[in-house]
Amino acid sequence: MSTAPPLLLALDFTGTFAFALNGALTAVRAARLDIVGVVTLGMITALGGGIMRDVLIGAVPPTAFQQWPYLALAGGGGLVAFALSQWLDRLETPINVLDAVGLSTFAVIGASTALEAGLDVTPAILLGGVTAVGGGTIRDTLVRRVPSVLQSDLYAIPALIGAAVTVVTIRAGIYGVWAALAAVGVCFVIRMLGVHFGLQAPVPPAHRDGNA
């Protein structure tokens, strides 16, 4: 099993389920898919980023294939979304909160895992971001839409910031449970502020002026 502290591991599991739930709901809204398609896209959303990270750092088989809770939670989230999609559509705020927990935890664990594998600062931060947003990007590509990470309220930026905080605390020798939770908290707060206020990353002037 994972060597992450129990609290961080619990957040990681929560995030896995939430990502699968959100990913499967996105699949239901974006395309007419059967149960196999919905559950598959939910699992890809939840596990895709971590699998990409593990493959890139040479940690194979990926963690998702070695530890059964990840596959179980991802599959379970997809099934719940398939069965209760109409009801869950009314719970947008709680699902966004859980999704932000997953984004934050994945960014922190992804960055720390990359550093443990011997990567330098910048690649570790980038892989933290990939862990957090990679699965959703694959999902959106499969349903033929522009990945939400490229156009939604602050998504990739909070993940990169959370990953950067993680890397800084590790390099400073102060990383531990509380430092990890602080990094998770920073990412979570920025993401939720983006959702609440509809904040967006900067766009080209032509888009701001409505000319494109």
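The points below concern a predicted model and take up one helix, a surface patch and two backbone features.

1. Local features are reported only at pLDDT of at least 70 and side-chain atom pairs only at pLDDT 80 or more, while totals for chains, interfaces and linings use all residues. Residues are numbered from 1 along each chain as its sequence is written, and side-chain values use heavy atoms, without hydrogens or water.

2. Helix α4 (68-88), where helices are DSSP runs of H or I with at least four residues, numbered from the N terminus, has 21 residues, yet its end C-alpha atoms are only 26 Å apart, short of the 30 Å of a straight helix; that expected span is 1.5 Å times one less than the number of residues. A kink of about 55° is centred on Phe 82 in α4, the bend being the angle between axes fitted to the seven residues ending there and the seven starting there.

3. Among the buried residues of α4 are Pro 69, Gly 75, Gly 77, Gly 78 and Leu 88 (buried is under 20% relative accessible area, exposed over 50%, partly exposed in between, with a 1.4 Å probe and protein chains only). Their cover includes α1 (6-30), α2, α3 (63-66) and α5 (92-116).

4. Ile 35 lies in helix α2 and, at 37% relative accessibility, counts as partly exposed.

5. Val 60 and Pro 61 are joined by a cis peptide bond with omega about -5°, and Pro 61 sits in the loop between α2 and α3. Arg 144, in the loop between α6 (121-142) and α7 (156-171), has a positive phi near 60° although the residue is not glycine; at 79% relative accessibility, Arg 144 counts as exposed.

Note on methods: Helices (H or I, at least four residues) and strands (E, at least two) are DSSP runs, numbered from the N terminus. Contact means heavy atoms within 4.5 Å.
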